[in-house]
Structures are given as C-alpha cells and as structure tokens.
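Visitor: I am new to this structure and should like to understand the reasons behind the terms used for it. May I put some questions to you as we look at it?

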Amino acid sequence: MRKVLVLEDESSIRGFIVINLERAGYEVIEAETGEEALEKLAANPDTRAVLLDIMLPGIDGIEVCRRIRLSDPHIGIIMLSARSQEMDKVTGLMTGADDYITKPFSPAELTARVDALLRRTGDVPPAAPVPEAPGELVQPPFRLNTTNRTLEKNGQRVRLTQVEYAIVKLFMENKGTALSRESILDTVWGHGYFGEPKIVDVNVRRLRIKLEDDAQEPKYILTVWGYGYKWNIE
C-alpha cells in the first residue's frame with residue numbers, strides 16, 4: 001500500500017486529511033509536531049510522500065522540508081498552509097517542496113494532488129502509459145541518464161527532486177525550443193492540475209541555482225519574456 005505521512009497539528013484538519021487519503025487507498029502515518037514527523041519518517045523509510053503544515057510549534061513545516069530534502073531528493077513533498085501569501089508559497093517551494101495547497105481544500109483536490117505527486121515519482125501508474133526510451137541525453141556539460149533518472153554536470157552528480165528531473169528532461173528533449181509555462185505545467189504536473197502556473201517559475205529558479213554557473217546570469221535556462229523558458233544548449 002502507498003504510504004503517506006501527514007504532519008498537521010490541528011487534529012480536526014489532520015483527521016479530515018487522513019480519512020480522505022485512506023479512502024483513496026493510502027496508508028497514512030500521522031504526526032502532530034515536526035519532531036514527531038522526522039522520527040516517524042526515519043522509522044518508515046518506504047514513505048513516498050509527505051504533507052507538511054507550515055505553521056507549527058517547535059520545528060515548522062519549512063524546516064522539516066529542508067531536513068527531509070537533505071537526505072532524500074526523491075520523496076514527494078506537499079506544503080499545507082491556511083495562509084495564501086505569495087512569500088509562503090515561494091519559501092516552501094524554494095526549500096524543496098514539490099507542491100503547495102492552501103487551506104481550505106476539497107477531498108477531490110487533496111487526493112488529486114497526492115495522486116499526481118506520486119505519479120511523478122513513479123509510485124502511481126499513469127492513466128495512459130507513456131514509454132520512456134532507456135539511455136542517456138548528452139548535451140555538454142550535462143548528461144541525463146533516463147534509466148536511473150540522474151543528471152550530471154561536468155561529471156558531477158546534481159541532486160534533483162523528481163519534479164526538477166522532469167523539467168530538465170523536458171528541456172533537454174526540446175533544446176532551443178521556447179516552452180510556455182502552460183506546456184511545462186501540463187507535461188510535468190499533469191492536465192487538470194489545481195495549482196498555479198507560478199510553481200513553474202519557482203522550480204526554474206531552483207534549477208538555475210543548481211545548474212547555472214551564475215544563477216543571476218543564466219546561460220542554460222533562458223527566460224522567454226511573457227511566455228516561458230528555453231533550454232539554451234549548442
């Protein structure tokens with residue numbers, strides 16, 4: 001059974017999330033504090049997704065996200081918050097979260113976002129199988145191994161989340177082509193995604209920090225103003 005950890009200090013909200021995820025076929029691990037979440041995650045290494053409330057006593061959700069990402073770039077992370085300010089979203093995503101849900105949310109939105117997240121990490125079969133050719137995409141200084149889902153720059157491994165890997169793969173398969181934010185969103189997050197296109201920009205910002213020699217002067221991931229981005233490799 002697919003295992004998900006839910007970190008939420010309000011018992012009523014946590015209960016709502018747990019019931020709906022269990023109805024959708026997930027095994028749910030509950031945590032009330034950041035410290036408890038980290039302990040339970042360590043005791044359940046087969047957990048493939050976590051839902052993290054931001055506002056918590058003690059270690060907050062942002063710090064839990066940061067600590068998880070230090071040890072596991074592949075696990076799916078969704079941030080939960082009652083606040084809708086842009087800075088909360090950007091902070092959570094820049095820390096390494098894959099997605100963001102603002103409370104209140106419906107059971108349908110919750111399960112759809114978790115399903116989509118696990119589909120990107122390979123834990124939920126896609127509705128229509130999409131074959132992926134084994135091998136490598138080599139565009140110096142980058143080498144993308146599509147079998148192991150890893151990226152190297154100048155022979156050095158770059159740690160990517162599954163969302164970041166999917167974006168890089170899309171870029172490398174379409175080098176020199178301007179891709180709209182909407183097309184990136186549809187390909188990586190899936191059609192019918194409930195969230196905002198802004199999530200593309202934040203993930204690109206993360207990728208520039210990891211891939212560019214100077215993130216402030218990008219030469220690989222170029223902005224196409226008013227449209228999207230282009231992978232600039234000769």
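Guide: In this predicted model, strands β10 and β12 run antiparallel and are joined by 3 bridges.

Visitor: What makes β10 and β12 a pair of strands?

Guide: Two strands count as paired when at least two bridges are found between them. Here 3 bridges join β10 to β12, so the requirement of at least two is met. A178, for instance, stands opposite K230 in β12.

Visitor: Which sheet do these strands belong to, and in what order do its strands stand?

Guide: They belong to an open sheet of 3 strands with the order β10-β12-β11 and antiparallel pairing.

Visitor: Why are β10 and β11 called edge strands?

Guide: β10 (178–180) and β11 (221–224) each pair on one side only. Neighbouring strands of this sheet are turned by 35° against each other on average, direction ignored.

Visitor: Which helices lie on this sheet?

Guide: Helix α6 lies across β10, β11 and β12, at about 65° to β12. Helix α7 (residues 181–188) also packs on the sheet, where it touches β10 and β12, and its direction makes about 70° with that of β10.

Visitor: How do you know that the length of α6 agrees with its number of residues?

Guide: At 1.5 Å a residue, the 12 residues of α6 should span 16 Å, and the C-alpha atoms at its ends are 16 Å apart, so the two values agree.

Visitor: Why is α6 described as mostly covered?

Guide: Of its 12 residues, 10 are buried. Among them are Y165, I167, L170 and F171. A residue is called buried because its relative accessible area is under 20%.

Visitor: Why is the pair of F171 and W231 called stacked?

Guide: The rings of F171 and W231 lie 6.0 Å centre to centre, with 5° between the planes. Centres within 6.5 Å make a pair, and planes under 30 degrees apart count as stacked; F171 and W231 therefore satisfy both conditions. F171 lies in helix α6 (residues 162–173) and W231 in strand β12 (residues 228–231), so the pair ties together parts that are 60 residues apart in sequence. Both F171 and W231 are buried.

Visitor: Which residues do ring pairs link into a cluster?

Guide: The cluster consists of F142, F171, Y220 and W231. The whole structure has 5 aromatic pairs.

Visitor: Why is the pair of F16 and F105 called tilted?

Guide: The ring centres of F16 and F105 are 6.1 Å apart and their planes stand at 50°. That angle is neither under 30 degrees, as stacked would require, nor over 60, as edge-to-face would require, so the pair is tilted. Distant parts of the chain are linked here, since F16 is in helix α1 and F105 is in the loop between β5 (99–102) and α5, 89 residues apart.

Visitor: Are F16 and F105 buried or exposed?

Guide: F105 has a relative accessible area of 10%, so F105 is buried. F16 has 29%, which makes F16 partly exposed.

Visitor: How do you know that the span of α1 agrees with its residue count?

Guide: The 13 residues of helix α1 (residues 11–23), at 1.5 Å a residue, should span 18 Å; the C-alpha atoms at its ends are 18 Å apart, so the values agree. The buried residues of α1 are R14, I17, V18, N20 and L21. Their cover includes β1 (2–7), β2 (26–31), β3 (49–53), β4 (76–81) and α5 (107–120). Just after α1, G25 takes a positive phi of about 100°.

Visitor: What makes β3 largely enclosed?

Guide: 5 of the 5 residues of β3 are buried, so the rest of the structure largely encloses this strand. A49, L51 and D53 point one way, and V50 and L52 the other. In a regular strand the side chains alternate between the two faces of the sheet.

Visitor: Which strands pair with β3, and in what sense?

Guide: β1 and β3 run parallel and are joined by 4 bridges, while β3 and β4 pair in the parallel sense over 5 bridges. L51 is the bridge partner of V6 and stands opposite I78 in β4. The open sheet of 5 strands has the order β2-β1-β3-β4-β5. Strands β2 and β5 stand at its edges, because each has a single partner strand.

Note on methods:
Residues are numbered from 1 along each chain as its sequence is written. This is a predicted model: local features need pLDDT of at least 70, side-chain atom pairs count only at pLDDT 80 or more; totals for chains, interfaces and linings use all residues. Side-chain values use heavy atoms; hydrogens and water are left out. Helices (H or I, at least four residues) and strands (E, at least two) are DSSP runs, numbered from the N terminus. The expected span of a helix is 1.5 Å times one less than its number of residues. Buried means under 20% relative accessible area, exposed over 50%, partly exposed in between (1.4 Å probe, protein chains only). Contact means heavy atoms within 4.5 Å. Axes are lines fitted to C-alpha atoms, for helices over the stretch in contact, and angles run from 0 to 180 degrees between N-to-C directions.
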